[in-house]
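Here are a few notes on the charged pairs, plus one aromatic residue, for when you have the model open. Take them in any order you like.

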Amino acid sequence: MKFTKILSLVLAVVMMAACFVACGNNDDTPDTADLVGTYDITMWVSEMDGVAAQFQQQIDAFEAANPGIVINAQIEGVTEADAGSKVVADVATAPDIYCFAQDQLARLVQAAALAAPGKAAAEKIKANNDSGSVAAASVAGTLYAYPMTSDNGYYMYYDTSIISEKDADSLEAIIAACEKNNVKFRYALENAWYTASFFFATGCHSTWTMNQDGEFTSVDDDFNSAAGLAAMKGMQKLAQSKCYDSNADIFTDAGVVITGIWNAGAAADHFGANLGATDLPSFEVDGKSYHLGSYTGNKLMGVKPQQDAKKAAVLSLLAQYLTGEECQSQRFASFEWGPSNKAAQASEAVQANASLAALALQNNYGIPQGQIHGSWWDIAKVLGADAKAAKSDADLQTALDEYKTTIDGLFQMTEEQKNAWGVIGGICGTSWDVDFAMTEGPDGTYTSDVLALKAGEEFKVRQGASWEVNFGVEFNGANIVVEADGNYKVQLVWDGAQGGTVTLIPVE
């Protein structure tokens with residue numbers, strides 16, 4: 001899917017420009033002598049262990065480099081995947097600086113939750129970062145965020161003792177080697193982010209359009225096509241192999257794992273001296289070869305618009321510093337985050353990193369992840385299971401037909417359906433693919449029918465069969481885990497925004 005430059009945002013961009021200038025985003029780089037003072041700021045950074053501490057150290061270094069500017073920072077760990085939704089839900093209480101995944105950019109722009117860097121800063125950012133990350137941080141040609149990483153994609157780790165460099169280029173050869181050696185080929189084909197790789201390989205696309213209110217209005221999707229059928233046939237080769245395993249976050253018994261930089265340590269521990277890392281292979285269908293595609297993505301840093309022009313200028317300078325070469329290099333050294341800064345990318349340490357080298361190879365076949373309807377992830381993920389279960393090409397085509405029908409149905413939902421709440425999870429014999437209806441009661445309560453739940457099962461509640469608004473242990477938070485077997489009603493008490501509590505009510 002090509003990065004979506006949403007034309008409908010142009011008017012909104014123009015209307016917001018005056019606000020951004022008023023909020024301190026000037027074209028000229030400010031004189032730091034004019035910014036001397038103490039600033040209380042809030043920040044959201046990755047929830048990974050050690051990240052917040054390193055950001056604090058980097059803020060200390062910024063203060064040392066800018067005498068007289070004092071930053072009192074309150075730093076909280078919030079996953080980048082959830083940050084955008086949390087900010088959009090309540091911009092007023094959102095942090096001054098926050099890190100987020102690129103696919104959330106348009107919604108944040110629409111919510112006026114991002115102060116665009118000034119002209120001089122934008123030119124510097126564009127010059128110092130790779131073109132993909134700059135595009136990821138831009139809407140309709142305007143830069144709205146600060147590129148922080150270029151590593152949110154996947155590639156292949158493999159065992160070089162059983163798979164040669166040549167065979168690593170062929171899906172069929174890899175499957176044969178894994179079957180022969182009784183090891184697993186781990187590929188999360190029941191996760192749409194990975195399932196899409198086969199469709200991108202055959203030239204398919206799924207491009208979504210949003211209006212100025214942040215609502216999805218249409219989709220250009222050709223998965224249900226001859227090219228989509230070829231993708232299903234290719235996926236079936238792996239899904240029906242005895243070596244296939246859909247869990248790509250564990251390495252036990254693995255000969256191959258399709259994953260990303262976040263599992264670099266686990267891959268090194270598992271494969272040891274036999275570690276191989278490269279781009280995804282090609283597969284053959286009906287005499288034609290297709291190289292597997294992938295989603296690519298970036299992590300970005302956003303700055304919230306401010307009424308105080310001096311604070312706005314300081315936040316911009318701080319964001320530039322925290323996403324600059326030195327800080328990106330430090331995060332690579334500590335956490336193996338792939339830099340977007342071109343100078344950091346050129347360092348010997350980054351160049352020698354096998355995982356980032358593999359990602360760079362795969363990105364030649366990658367599709368930047370744009371704005372995607374929250375329901376699509378559930379709709380598309382079943383295609384992997386369908387490929388595994390199919391006994392004929394007709395079964396594969398039926399799966400694609402059902403996919404298309406469900407996609408089209410998203411734009412035929414009534415307002416009542418869009419506002420309805422449901423329970424979804426690995427519960428009652430389902431696998432995160434069924435929404436159990438909840439009935440609206442007084443004072444913002446929503447309650448399910450009685451559900452037979454088992455200890456260890458996980459679930460969430462969500463609105464409109466989409467992930468745009470959902471509750472786990474908190475708004476867009478972790479899954480709720482059932483503690484004991486029993487019959488329960490699931491109840492949500494919701495304030496209409498991001499405040500809500502989910503409770504399990506035992507039923508005798």
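A salt bridge here is a side-chain nitrogen of Lys or Arg within 4 Å of a carboxyl oxygen of Asp or Glu. Keep in mind that this is a predicted model.

1. Let's begin with the overall count. How many salt bridges does the structure hold? There are 11 salt bridges in it. As general background, side chains of opposite charge can pair when their charged atoms come close.

2. Have a look at Lys-404 and Asp-408. Their closest N and O atoms are 2.8 Å apart, and the two residues form a salt bridge. Helix H17 (residues 393–409) holds both Lys-404 and Asp-408, four residues apart, or about one turn of the helix. As for accessibility, Lys-404 counts as partly exposed because its relative accessibility is 29%. Asp-408 has a relative accessible area of 32%, so Asp-408 is partly exposed.

3. Another pair within a helix is Lys-418 with Glu-415, a salt bridge whose closest N and O atoms are 3.6 Å apart. Lys-418 and Glu-415 are separated by about one helical turn because they sit three residues apart in helix H18 (residues 415–419). Is each partner buried or exposed? Lys-418 comes out at a relative accessible area of 38%, so Lys-418 is partly exposed. Glu-415 has 53%, and exposed means over 50%, so Glu-415 is exposed.

4. Now for Arg-462 and Asp-378. Their side chains meet in a salt bridge at 2.3 Å, N to O. This pair links distant parts of the chain: Arg-462 belongs to strand E23 (residues 458–463) and Asp-378 to helix H16 (residues 376–389), 84 residues apart. Both Arg-462 and Asp-378 are buried.

5. Don't treat that last pair in isolation. Which residues are joined into one network by salt bridges that share partners? They are Asp-378, Lys-381, Asp-435 and Arg-462.

6. Away from the charges, I'd also click on Phe-271, which is found in helix H10 (residues 264–271). Buried means under 20% relative accessible area, and Phe-271 has 5%, so Phe-271 is buried. What does Phe-271 touch, not counting residues up to four places away in sequence? Its contacts are Tyr-157, Tyr-158, Asp-159, Phe-251, Ala-254, Gly-255 and Val-256. For one of these, Ala-254, the C-alpha atom is separated from that of Phe-271 by 8.8 Å, with the two residues 17 apart along the chain.

Methods:
Residues are numbered from 1 along each chain as its sequence is written. This is a predicted model: local features need pLDDT of at least 70, side-chain atom pairs count only at pLDDT 80 or more; totals for chains, interfaces and linings use all residues. Side-chain values use heavy atoms; hydrogens and water are left out. Helices (H or I, at least four residues) and strands (E, at least two) are DSSP runs, numbered from the N terminus. Buried means under 20% relative accessible area, exposed over 50%, partly exposed in between (1.4 Å probe, protein chains only). Contact means heavy atoms within 4.5 Å.
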